[in-house]
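Student: Please take me through one part of this model closely. I would like the strand pairing first, and then whatever surrounds it.

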Amino acid sequence: MVGVPNGVASQGVVTLQTLEAVQMTLTERVPLVETRIPLKFAMRHLAGAVSVVTAGVGDERTGATVTTAHSLSVEPEVMVVSINLNSSTWAAISRHRHFCVNVLRADQIAIADRFSGRGGLKGSARYEGARWSSLASGALALDEALAAVDCTVEDTIIRHSHALILGSVRHVVSGEPGPALIYHHGAYGSS
């Protein structure tokens, strides 16, 4: 048995007291250091895959660079993304009820920067300088992305400053394999 004190597994009996002893031992090995560091500083230790979330149509197209996109389930296929309620991307997703998660390649830092708002670009101007294709929902997919996952909004959970958006997957495009763009401690890197 993994994690059970020596001698206990060989006796073939595991009691509640034995399990409590194991739990106490594990707890003692990992001391909790309480600090007043804001959550955002702690989360900088977590490397995240960089994606661009696109939404809207025509002149109302916009998007955001995120590290919060991930799959919720594969049966049914559902994606999750967290978007700031003050962003133009939230307004577009809310209005058009669609979004596309574009998983960026390691060499697509310029696209990540444009969609993060660096350089002051807003709305449809963020799409300039790259090739895009419209998918089933109407959201745009980056032609050279590692993957593009087209979604329609299934549900939205609004909490505090952000919306947690669940998207039913409508179409998936898989690009050429390669290293993914990641973000860690305030800097881009690759997988």
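Tutor: Start at Gly48, which stands opposite Tyr183 in strand E11. The model is predicted, so read every value here as computed from that prediction. Gly48 belongs to strand E1, residues 48-49. Two strands, E1 and E11, are joined by 2 bridges and run antiparallel. E11 spans residues 181-184.

Now widen the view to the sheet. It is open, has 3 strands, and follows the order E1-E11-E12 with antiparallel pairing. E1 and E12 (187-190) stand at the edges. Each has a single partner strand, so one side of each is left without a neighbour in the sheet. In general, strands of a sheet pair through backbone hydrogen bonds, either parallel or antiparallel.

E11 also leads to the largest pocket. It is one of the elements that give two or more residues to the lining of that pocket. The others are helix H3 (39-43), strand E3 (62-66), strand E5 (77-84), helix H4 (88-96) and helix H5 (109-116). E3 gives the most, with 5 residues. The pocket holds about 1000 Å³ of space. Its lining counts 34 residues. Nearest the centre lie Thr65, Val66, Thr67, Thr68 and His162. By class, the lining divides into 12 nonpolar, 17 polar and 5 charged residues.

Follow E5 out of the lining and you meet another pairing. Strand E4, residues 70-74, is joined to E5 by 4 bridges, and the two run antiparallel. E4 and E5 form a hairpin with 2 residues between them. Within this pairing, Ser73 has Val78 in E5 as its bridge partner.

Last, the cysteines. A disulfide is a covalent bond between the sulfur atoms of two cysteines. The count here comes to 0 disulfides. Take Cys100: its closest cysteine sulfur is in Cys151, 7.2 Å away. The cut-off is 2.5 Å, so this pair is too far apart for a bond. Seen from the other end, Cys151 is in no disulfide, and the sulfur of Cys100 is its nearest cysteine sulfur. Are these two cysteines buried or exposed? Cys100 counts as buried, because its relative accessibility is 0%. Cys151 also counts as buried, at 0% relative accessibility. The cut-off for buried is under 20%.

Conventions. Residues are numbered from 1 along each chain as its sequence is written. This is a predicted model: local features need pLDDT of at least 70, side-chain atom pairs count only at pLDDT 80 or more; totals for chains, interfaces and linings use all residues. Side-chain values use heavy atoms; hydrogens and water are left out. Two strands pair if DSSP finds at least two bridges between them. Buried means under 20% relative accessible area, exposed over 50%, partly exposed in between (1.4 Å probe, protein chains only). On a 1 Å grid over the protein atoms alone, a cavity is a set of points where a 1.4 Å probe fits but cannot get out, and a pocket is an open set with protein on both sides within 12 Å along at least five of seven lines; lining residues have an atom within 4 Å of a point. Grid points are joined across faces, edges and corners, and a volume is the space filled by probe spheres set on the points. Ala, Val, Leu, Ile, Met, Phe, Trp, Tyr, Cys and Pro count as nonpolar, Asp, Glu, Lys and Arg as charged, and the others, Gly among them, as polar.
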